[in-house]
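Subject: Structure handover

Hello,

Here is the structure I said I would pass on. Please open it and keep it beside this message while you read.

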Amino acid sequence: GKKELSREEFHALYAAELAEGKFWGVEHDLRELLGRGMAEPSEGPCELRFDYVYFTPKNLTLLGVQQILTAEQLQQIHGEPYETLPNRWHPSDHLPVIASFELA
């Protein structure tokens, strides 16, 4: 049958996400359901980088990296009305890191 969440289960799910610092998940759901979230960025989105690809030029030659977002997508994120990630065209706030190497 149909799976349903009680009001308490629904609240517990979001409370757990917020306790883990997953504010973006709640913000995304509010934007999907209500057309707006709680955040009203005035200076654009926060941009953090945690993913890196480390290599030793002695063993590898970097052939190239792939830009994940197009210039248009970057403008949508960094220009008003700030279509931050996740959104309708990218379901995560994480972007892959892609690089191509050749053995030296």
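Below is what was found in it, going from the whole chain to single residues.

Overall layout

Please keep in mind that this is a predicted model. The protein chain has 3 helices and 2 strands. Read from the N terminus, the order of these elements is α-α-β-α-β. The radius of gyration is 19 Å, while the globule rule gives 13 Å for 104 residues, so the chain is more spread out than a compact globule. Taken along the principal axes, the C-alpha atoms fill a box of roughly 60 × 35 × 30 Å.

Of the 104 residues, 12% count as buried. The exposed surface of the chain is about 8900 Å², and carbon and sulfur atoms supply 55% of that surface. Among contacts with a separation of 6 or more, 60% join residues that are 24 or more positions apart.

Helix 1

Helix 1 covers residues 7-19, which is 13 residues. Does its length come out as expected or not? At 1.5 Å a residue the helix should span 18 Å, and its end C-alpha atoms are 18 Å apart, so the two values agree. After the helix comes Gly21, which has a positive phi, near 80°.

The structure holds 3 aromatic pairs. One of them is formed by Phe10 and Tyr14, and this pair is tilted, at 4.9 Å centre to centre with 55° between the planes. Two values are given because a pair of aromatic rings is described by the distance of the centres and the angle of the planes. Phe10 and Tyr14 both belong to helix 1 and are 4 residues apart, about one turn of the helix. As for exposure, Phe10 is partly exposed at 43% relative accessibility, whereas Tyr14 is buried, with a relative accessible area of 17%. The cut-off for buried is under 20%, so Tyr14 falls within it.

The loop between strand 1 and helix 3

Strand 1 is 60-65 and helix 3 is 71-78, and Gln67 sits in the loop between them. Gln67 is exposed, with a relative accessible area of 63%. From Gln67 to Ile77 there are 10 residues in sequence and 15 Å in space, C-alpha to C-alpha.

Thr70 is in the loop between strand 1 and helix 3 as well. With 42% relative accessibility, Thr70 counts as partly exposed. Thr70 and Ala15 are 55 residues apart along the chain, and 35 Å separates their C-alpha atoms.

The loop between helix 3 and strand 2

Several of the remaining findings concern the loop that leads from helix 3 to strand 2 (99-103). Which peptide bonds here are cis? One is the bond from Glu80 to Pro81, with omega near 15°, and another is the bond from Leu85 to Pro86, with omega near -5°. Pro81 lies in this loop, and so does Pro86.

Tyr82 is found in the loop too. Tyr82 has a positive phi of about 55° although it is not a glycine. These points are listed because most residues other than glycine have a negative phi, and most peptide bonds are trans. Tyr82 counts as buried, at 9% relative accessibility.

Asn87 is another residue of the loop between helix 3 and strand 2. Is Asn87 buried or exposed? It is buried, with a relative accessible area of 8%. Which backbone oxygens does the side chain of Asn87 reach? The side chain comes to 3.2 Å from the backbone oxygen of Glu83, and one of its polar atoms lies 3.4 Å from the backbone oxygen of Thr84.

His90 has its place in this loop as well. His90 is buried, with a relative accessible area of 17%. A polar atom of the His90 side chain lies 3.1 Å from the backbone oxygen of His94. Leaving out residues up to four places away in sequence, His90 touches Leu85 and Leu95. Leu85 has already come up above, in the cis bond from Leu85 to Pro86.

When you go through the model, the loop with Tyr82, Asn87 and His90 can be read as one block.

Regards

Key
Residues are numbered from 1 along each chain as its sequence is written. This is a predicted model: local features need pLDDT of at least 70, side-chain atom pairs count only at pLDDT 80 or more; totals for chains, interfaces and linings use all residues. Side-chain values use heavy atoms; hydrogens and water are left out. Buried means under 20% relative accessible area, exposed over 50%, partly exposed in between (1.4 Å probe, protein chains only). The expected span of a helix is 1.5 Å times one less than its number of residues. A polar contact is a pair of N or O atoms within 3.5 Å; within protein, one must be able to donate a hydrogen and the other to accept it, and residues adjacent in sequence count only if both atoms are side-chain atoms. Contact means heavy atoms within 4.5 Å. The radius of gyration is taken over C-alpha atoms; the globule rule is 2.2 Å times the number of residues to the power 0.38. Accessible areas come from the Shrake-Rupley method with a 1.4 Å probe; for residues, only the protein chains shown count as cover. Rings of Phe, Tyr and Trp (its six-membered ring) pair if their centres lie within 6.5 Å; planes under 30 degrees apart count as stacked, over 60 as edge-to-face and the rest as tilted.
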